[in-house]
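Reader: I am new to this structure and would like a friendly tour of it. Could you show it to me before we begin?

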Amino acid sequence: MKKIAVLDQNTIDKIAAGEVVERPSSVVKELVENAIDAGATAITVEITDGGKKLIRITDNGSGMDAEQVPLAFLRHATSKIEKVEDLTHIASLGFRGEALSSIAAVSQVELITKTPSGISGTRYVIEGGKEQSLEEMGAPEGTTFLIRNLFYNTPARSKFLKSDMTEAGYINTLMEQLALSHPEISFKYIQNRQVKLSSSGNYSVKDVIYSVYGREIAKALLDVSYENDFMKIEGFVGKPEFY
Ligand SMILES: Nc1ncnc2c1ncn2[C@@H]1O[C@H](COP(=O)(O)OP(=O)(O)OP(=O)(O)O)[C@@H](O)[C@H]1O
Ligand SMILES: [Mg+2]
């Protein structure tokens, strides 16, 4: 029989990271959800080369104090729950405390963040799970993440990625879904220096539909609104010509 070995921490972390971060769009999803949880009203997502080379996400949310920053990158470290009972009434998108540690394990991460009450901002660099630097830096309120060279230290996963165009396509779809489901947030999505999506954050779903699907489709939609004692439905349906 083969011997059973207990894996070392580095191997454990890389396996765990693979469950959260499958491709560039997973990174975008996790970081945008963090920005939403941080109360951001404006989020900018910028990618180059399908997100394989660079993903930059900027939000105007709560930011993090310097001493919190290294903690955010530890596994099972979260500000969103404290105890097991909290699991029954989760009000945030994240709660596992897994995303940042997973992303940092398989990429080169730079973070710049500042809280409203902080005197200065913080810049933090972590690559392949190893802290490189933590320093004070002037910064606007909110948080910017730069994720460079995803899977640079896991060539097997890197090979599994599709073409830049296909990976960018996954991110396009994700950004459309995020914008449509959060009309209260102003999103800007830039792909290879070109603005692909921009929403105003004025709470109007119709306006986001206009930004995502264009004028023709937005014009041809009919409002749906229904309420009874048990439920409330709101949305839009397309006229048959758009079916
Ligand atoms: N953009 C951000 N602005 C402010 N704080 C942030 C931001 N991103 C992450 N954080 C802080 O870092 C912590 C760790 O983030 P991470 O995404 O790893 O875990 P989580 O969101 O709590 O859970 P999950 O793994 O389910 O996403 C968060 O709980 C939050 O306190
Ligand atoms: Mg998260």
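Author: Happily! A polar contact is a pair of N or O atoms within 3.5 Å; within protein, one must be able to donate a hydrogen and the other to accept it, and residues adjacent in sequence count only if both atoms are side-chain atoms. This is a predicted model, where local features need pLDDT of at least 70, side-chain atom pairs count only at pLDDT 80 or more, and totals for chains, interfaces and linings use all residues. Residues are numbered from 1 along each chain as written, chains are lettered from A and ligands numbered from 1 in the order written, and side-chain values use heavy atoms, without hydrogens and water.

Reader: How far is a backbone N or O atom of glycine 97 from an oxygen atom of ligand 1?

Author: Here the protein partner is a backbone N or O atom of glycine 97. Alanine 99 also offers a polar backbone atom, 2.9 Å from an oxygen atom of ligand 1. For glycine 97, the distance is 2.9 Å.

Reader: Which residue has a side-chain N or O atom 2.5 Å from an oxygen atom of ligand 1?

Author: This contact uses a side chain rather than the backbone. The residue is serine 79.

Reader: How many residues surround ligand 1?

Author: A residue counts as near if one of its heavy atoms lies within 4 Å. The closest are Thr78, Ser79, Lys80, Arg96 and Glu98. The shell divides into 8 nonpolar, 8 polar and 5 charged residues, where Ala, Val, Leu, Ile, Met, Phe, Trp, Tyr, Cys and Pro are nonpolar, Asp, Glu, Lys and Arg charged, and the others, Gly among them, polar. The number surrounding ligand 1 is 21.

Reader: Which residue in β5 is the bridge partner of valine 125?

Author: Strands are DSSP runs (E, at least two residues), numbered from the N terminus, and two strands pair if DSSP finds at least two bridges between them. Strands β4 (residues 121-127) and β5 (residues 130-137) pair in the antiparallel sense over 7 bridges. The partner of valine 125 is serine 133.

Reader: Which residue takes a positive phi near 45 degrees in the hairpin of β7 and β8?

Author: Strands β7 (residues 186-191) and β8 (residues 194-198) are antiparallel, with 4 bridges. Their hairpin has 2 residues between the strands, and the one with that phi is asparagine 192.
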